[in-house]
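Ready for a few short exercises? Have a look at the model below, try each task on your own, and then compare your reasoning with the worked solution.

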Amino acid sequence: MGRVDMMDRLISYYRISTRTKKWTMRVFAHFLNMTTSNAWIMYIRHCKQCKVPLRNRLHLTDFKLVIAESLTKAEVSDEAMQERPQRKKINKLFLCL
């Protein structure tokens with residue numbers, strides 16, 4: 001089986017479902033599916049090279065869960081926590097002239 005067929009098969013097993021009409025969100029969800037599936041394939045290859053027993057390898061759903069947990073628990077740097085500059089408030093009276 002080709003590599004693209006394998007990736008498509010893995011994506012179809014556990015797809016991130018989004019109910020939106022925006023194509024940008026659908027493309028983003030597809031890229032997330034694609035990257036996690038490719039990362040899992042690389043993980044399995046690495047486990048085979050290191051001769052990790054099958055019982056110690058993560059299944060695709062567990063692999064995605066570990067990724068999600070690590071991203072949600074990641075610490076945010078101080079630079080990212082800085083507040084955005086506030087927008088200037090426009091007086092509505094001047095808009096009605």
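The exercises that follow go from the whole chain to single residues.

This is a predicted model, in which local features need pLDDT of at least 70, side-chain atom pairs count only at pLDDT 80 or more, and totals for chains, interfaces and linings use all residues. Residues are numbered from 1 along each chain as its sequence is written, and side-chain values use heavy atoms, with hydrogens and water left out.

**Exercise 1. The whole chain**

Task: Work out how many helices and strands the protein chain has.

Solution:
- Start with the definition: helices (H or I, at least four residues) and strands (E, at least two) are DSSP runs, numbered from the N terminus.
- The protein chain has 5 helices and 0 strands, and its order from the N terminus is α-α-α-α-α.
- Next, look at burial, where buried means under 20% relative accessible area, exposed over 50% and partly exposed in between (1.4 Å probe, protein chains only).
- Of the chain's 97 residues, 16% are buried.
- Finally, take contacts (heavy atoms within 4.5 Å): of those between residues at least 6 apart in sequence, 42% link residues at least 24 apart.

**Exercise 2. Two helices and their buried residues**

Task: Compare the span of α2 with its expected value, then find which residues of α3 are buried.

Solution:
- The expected span is 1.5 Å times one less than the number of residues.
- For the 27 residues of α2 this gives 39 Å, and the end C-alpha atoms are indeed 39 Å apart.
- The buried residues of α2 are Ala29, Asn33, Thr36, Ser37, Trp40, Ile41, Ile44 and Cys47.
- Helix α3 (residues 60-72) has 13 residues and reaches 18 Å, close to the 18 Å expected.
- In α3, the buried residues are Leu60, Phe63 and Lys64.
- Down the axis of α3, these buried residues fall within an arc of 95°, so they line one face of the helix. The arc is taken from the directions from the helix axis to the C-beta atoms.

**Exercise 3. A lysine in α3**

Task: Decide whether Lys64 is buried or exposed, and find what it touches.

Solution:
- Lys64 sits in helix α3 and is buried, with a relative accessible area of 16%.
- Setting aside residues up to four places away in sequence, Lys64 touches Tyr14, Asn33 and Thr36.
- Lys64 and Thr36 are 28 residues apart in sequence, yet 6.7 Å apart from C-alpha to C-alpha.

**Exercise 4. The loop between α2 and α3**

Task: Find what surrounds Arg57, and say what phi Lys51 has.

Solution:
- Arg57 is in the loop between α2 (23-49) and α3.
- Arg57 is buried yet has no salt bridge; the nearest side chain of opposite charge, Asp62, is 13 Å away. A salt bridge is a side-chain nitrogen of Lys or Arg within 4 Å of a carboxyl oxygen of Asp or Glu; for charge, Lys and Arg count as positive and Asp and Glu as negative, while His and the chain ends are not counted.
- A polar atom of the Arg57 side chain lies 3.0 Å from the backbone oxygen of Val52.
- Not counting residues up to four places away in sequence, Arg57 touches Tyr43, Ile44, Cys47, Lys48 and Val52.
- Lys51 lies in that loop between α2 and α3 too. Lys51 has a positive phi of about 60° although it is not a glycine, and Lys51 is exposed, with a relative accessible area of 72%.

Methods: A polar contact is a pair of N or O atoms within 3.5 Å; within protein, one must be able to donate a hydrogen and the other to accept it, and residues adjacent in sequence count only if both atoms are side-chain atoms.
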